[in-house]
Amino acid sequence: MGSNLPRHMSSPVEELEAVVSEAPARIDGATSVDEIDEVEAQLLGKDSTLGRVRRSMGSLDPEDRPVVGAALQKATAEINDLLASKRAGIEAAAEKARLEAEWIDVTLESVSLPQGSLHLIQQTIDEVVDIFVGLGYQVAAGPEAELAYYNFDALNTPATHPSRLESDTMYLDFGDPADEVLLRAHTSPVQVRWMENHEPPVYIVVPGKAYRTDTIDATHLPVFHQIEGLAVDDDIQFSDLKGTLLQFAREYFGPETTVRLRPHFFPFTEPSAELDISCFNCDGNDLDCRVCSGAGWVELLGCGMVDPNVLEAVGYDPGSVSGFAFGMGVERIAQVRHGISDMRTYIDNDIRFLRQFP
Ligand code: DAH
């Protein structure tokens with residue numbers, strides 16, 4: 001072959017073979033996309049051996065043309081393959097380097113703050129309110145700074161009642177009963193405020209703070225919490241009161257609980273009673289019982305049928321509606337259920353106490 005070439009010069013086929021045999025080493029030496037571009041231009045470009053052979057095709061002897069053409073095609077294909085695989089390798093390495101440089105650890109832990117919990121008194125309010133909401137009651141609220149009229153007069157409490165003394169109730173303005181202002185001594189005034197603004201039927205519970213001049217001890221706090229209840233409808237009877245409070249007692253203290261009502265006196269209910277629950281701890285069988293001291297019963301709350309004078313004070317007709325009411329101390333019922341021996345622990349803010357009620 002190459003019969004028209006001078007003897008001392010290698011043939012185009014040999015030249016192409018030489019380029020192909022050197023190609024792997026040259027291509028392998030490239031370490032970047034720029035370098036591979038440069039090697040490509042050197043191997044396949046206009047001034048390369050392959051470029052020159054390609055241009056000379058037209059002037060070759062016709063019988064040499066197919067042989068040189070085939071060799072040119074083969075050399076071009078082999079070099080292109082080598083370039084493509086080297087380029088892929090360089091690009092993959094570059095991508096890997098980029099990913100490693102941009103890597104962020106999305107699993108890094110955030111700074112977690114310690115989680116607190118609601119105070120036992122708030123938990124107790126929520127639980128009791130939930131029980132009554134389940135029975136169809138609405139939640140009502142009223143002011144803590146209250147008129148003597150709502151705290152006493154409208155609740156059928158005579159001017160001579162001992163709780164009206166300045167020594168028993170915290171007055172903000174004391175003197176003429178007509179415009180005395182005080183820190184409410186119970187949540188009962190909200191009964192009156194609600195009925196003044198709503199027609200019967202009424203089914204409400206009123207959680208809130210109450211204030212008395214009591215000295216702090218194991219069973220008294222001057223600022224404490226009550227939950228008031230009031231039901232007024234066209235035929236409310238004493239049995240409704242007992243059934244409702246039994247249901248509450250069973251949900252709050254346990255399904256085995258029984259209740260008893262002892263006659264008592266409150267100005268705003270007639271008849272009035274105190275509700276005791278059976279001791280869920282010892283059932284009356286343990287003289288050292290921390291809950292009932294062996295009595296078998298635990299005093300829980302005050303209640304009764306709404307006094308007709310109270311209904312009249314709000315403009316209701318005691319001849320066509322009747323109702324019952326009750327008021328419980330939140331500190332008291334939580335103390336009974338959880339066996340808390342001293343109410344002061346509620347306000348000590350001792351973390352060891354608070355953590356027991358997560
Ligand atoms: N207000 C009363 C108290 O603080 C508790 C009470 C008793 C509320 C009888 C009532 C009730 O609604 O009917 O001691």
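Which residue takes a positive phi just after H10? In this predicted model, the residue in question is Gly 339, with a phi of about 65°. The helix that precedes Gly 339, H10, spans residues 330-338. Buried positions in H10 comprise Val 330, Glu 331, Ile 333, Ala 334, Gln 335 and Val 336.

The chain is assigned two domains, with domain 1 covering residues 7-101 and domain 2 covering residues 120-354. Taken over C-alpha atoms, the centres of domain 1 and domain 2 are separated by 98 Å.

Strand S9 (residues 297-306) is paired with two strands, S8 and S10. Strand S8, formed by residues 269-278, runs antiparallel to S9 and is joined to it by eight bridges. Within this pairing, Cys 303 of S9 is the bridge partner of Ala 273. Strand S10, formed by residues 322-329, also runs antiparallel to S9, and five bridges connect the two. Here Gly 304 has Ala 325 of S10 as its bridge partner. Burial of S9 was assessed with a threshold of under 20% relative accessible area. Eight of the 10 residues of S9 are buried, and the strand is therefore largely enclosed by the rest of the structure. In a regular strand, side chains point alternately to the two faces of the sheet.

The largest pocket has a volume of about 1100 Å³. Its lining consists of 43 residues, and those nearest the pocket centre are Ala 185, Arg 212, Phe 224, Gln 226 and Phe 266. Two or more lining residues are contributed by each of strand S6 (223-233), strand S7 (259-266), S8, S9, S10 and H10. Thus S9 and its pairing partners S8 and S10 are among the elements that line this pocket. By class, the lining of the largest pocket contains 16 nonpolar, 19 polar and eight charged residues.

The second largest pocket encloses about 210 Å³ of space. Gln 115, Gly 116, Ser 117, Leu 118, His 119, Leu 120, Gln 123, Ile 351, Leu 354, Arg 355, Phe 357 and Pro 358 form its lining. Helix H5 (120-134) and helix H12 (351-354) each provide at least two of the lining residues. The lining of the second largest pocket divides into six nonpolar residues, five polar residues and one charged residue.

Technical notes. Residues are numbered from 1 along each chain as its sequence is written. This is a predicted model: local features need pLDDT of at least 70, side-chain atom pairs count only at pLDDT 80 or more; totals for chains, interfaces and linings use all residues. Side-chain values use heavy atoms; hydrogens and water are left out. Domain bounds come from an automatic or database domain assignment. Buried means under 20% relative accessible area, exposed over 50%, partly exposed in between (1.4 Å probe, protein chains only). Helices (H or I, at least four residues) and strands (E, at least two) are DSSP runs, numbered from the N terminus. Two strands pair if DSSP finds at least two bridges between them. On a 1 Å grid over the protein atoms alone, a cavity is a set of points where a 1.4 Å probe fits but cannot get out, and a pocket is an open set with protein on both sides within 12 Å along at least five of seven lines; lining residues have an atom within 4 Å of a point. Grid points are joined across faces, edges and corners, and a volume is the space filled by probe spheres set on the points. Ala, Val, Leu, Ile, Met, Phe, Trp, Tyr, Cys and Pro count as nonpolar, Asp, Glu, Lys and Arg as charged, and the others, Gly among them, as polar.
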